[in-house]
Amino acid sequence: MHISKNIISIPPYISTSWSNVKALRMDSNTLVIQLNNGDDISVPDLQPETVESVFTAHAASLDQDEHKTTQSHSSPGFAQSVFGSDDMSFRFGFAGLEGIGSAMQHNPAQMNAPDLPHEVLEKIASIAKVIAPNDPNAIPKPEPHCNCMHCQIARTIHNEINDQEDEPEYDNLVIEEEVSDEELSFCQWEIKQTGDKLYTVTNRLDTQEKYSVYLGHPIGCTCGKDGCDHIVAVLRH
């Protein structure tokens, strides 16, 4: 058996590079390895330490691929200044939006860049409500018809601030906000970080139900669904 950030070899079930692996998931006591060609490889009765090593190695492989993509598509220092590191782990320092305005640079070469993950933009919007400056000119401006990271983030912040300004103010009025079933369901997940951007999400009502969520690039969950409750629960953790 050999497991590293480059390959996974568990005789007699599988021996291949991580580039051929699409996703991992646990089905009871069986590790299911989903390949890019659509095949599923089932490896039963692994020790918990081995399962953890497999998921950690897969995350390291994804992180390595993400780092290469960031270096080839991002301008130097951009992701570091905006996200706090050279990946998509979004962070805000005490500098607030003023700091972002001076750090971010519009990049016309990225005008057709893919959209940032919806969960990341949602997090930006929620933080913008809290740290929005009094001077609107301090907020970075997006360029029309541009989808570089600077413009996506700036556009999200502007939309959130404008929506907030348009909301009517009522004095001495208590509004009870209805909590959706979806929001209530977040409390059922126990979240534990097991590696760099790697989390284990366990159903408190059924501890046999476990998933692994990776917040690198691309964001993913071993349940195989995009934008699932498990990813959202980790982001809100």
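**Strand pairing and the largest pocket**

A hairpin joins β2 to β3 through three residues. The structure described here is a predicted model. Strand β2, residues 7-10, runs antiparallel to β3, and four bridges join the two. Ile-7 has Ser-17 of β3 as its bridge partner.

The side chains of β3, residues 14-17, alternate along the strand. Ile-14 and Thr-16 point to one face and are buried, whereas Ser-15 and Ser-17 point to the other face and are not buried. The bridge partner of Ile-7 in β3, Ser-17, thus belongs to the pair of serines that are not buried. In a regular strand, side chains alternate between the two faces of the sheet.

Three further strands form an open sheet in the order β4-β5-β6, with antiparallel pairing. Strands β4 (21-27) and β6 (40-44) stand at the edges of this sheet and have a single partner strand each, so one side of each is left without a neighbour in the sheet. From one strand to the next, the twist averages 20 degrees. Strand β5, residues 30-35, is joined to β6 by five bridges, and the two run antiparallel. Within β6, Ile-41 stands opposite Ile-33. Strands of a sheet pair through backbone hydrogen bonds, in either a parallel or an antiparallel manner.

Strand β4 also contributes to the largest pocket, as one of the elements that give two or more residues to its lining. The space in the largest pocket amounts to about 670 Å³. Its lining consists of 25 residues, of which Met-26, Pro-48, Val-51, Thr-200 and Lys-210 are the closest to the pocket centre. Besides β4, the elements that give two or more residues to the lining are α1 (48-73), β7 (189-195), β8 (198-203) and β9 (206-214). Empty space of this kind is revealed by rolling a probe the size of a water molecule over the atoms.

Over the protein chain as a whole, seven helices and ten strands are present. The chain has 237 residues, and buried residues make up 39% of them. The accessible surface of the protein chain comes to about 14300 Å², and carbon and sulfur atoms account for 48% of this area. Of the contacts between residues at least 6 apart in sequence, 49% join residues at least 24 apart.

Note on methods. Residues are numbered from 1 along each chain as its sequence is written. This is a predicted model: local features need pLDDT of at least 70, side-chain atom pairs count only at pLDDT 80 or more; totals for chains, interfaces and linings use all residues. Side-chain values use heavy atoms; hydrogens and water are left out. Two strands pair if DSSP finds at least two bridges between them. Axes are lines fitted to C-alpha atoms, for helices over the stretch in contact, and angles run from 0 to 180 degrees between N-to-C directions. Buried means under 20% relative accessible area, exposed over 50%, partly exposed in between (1.4 Å probe, protein chains only). Contact means heavy atoms within 4.5 Å. Accessible areas come from the Shrake-Rupley method with a 1.4 Å probe; for residues, only the protein chains shown count as cover. On a 1 Å grid over the protein atoms alone, a cavity is a set of points where a 1.4 Å probe fits but cannot get out, and a pocket is an open set with protein on both sides within 12 Å along at least five of seven lines; lining residues have an atom within 4 Å of a point. Grid points are joined across faces, edges and corners, and a volume is the space filled by probe spheres set on the points.
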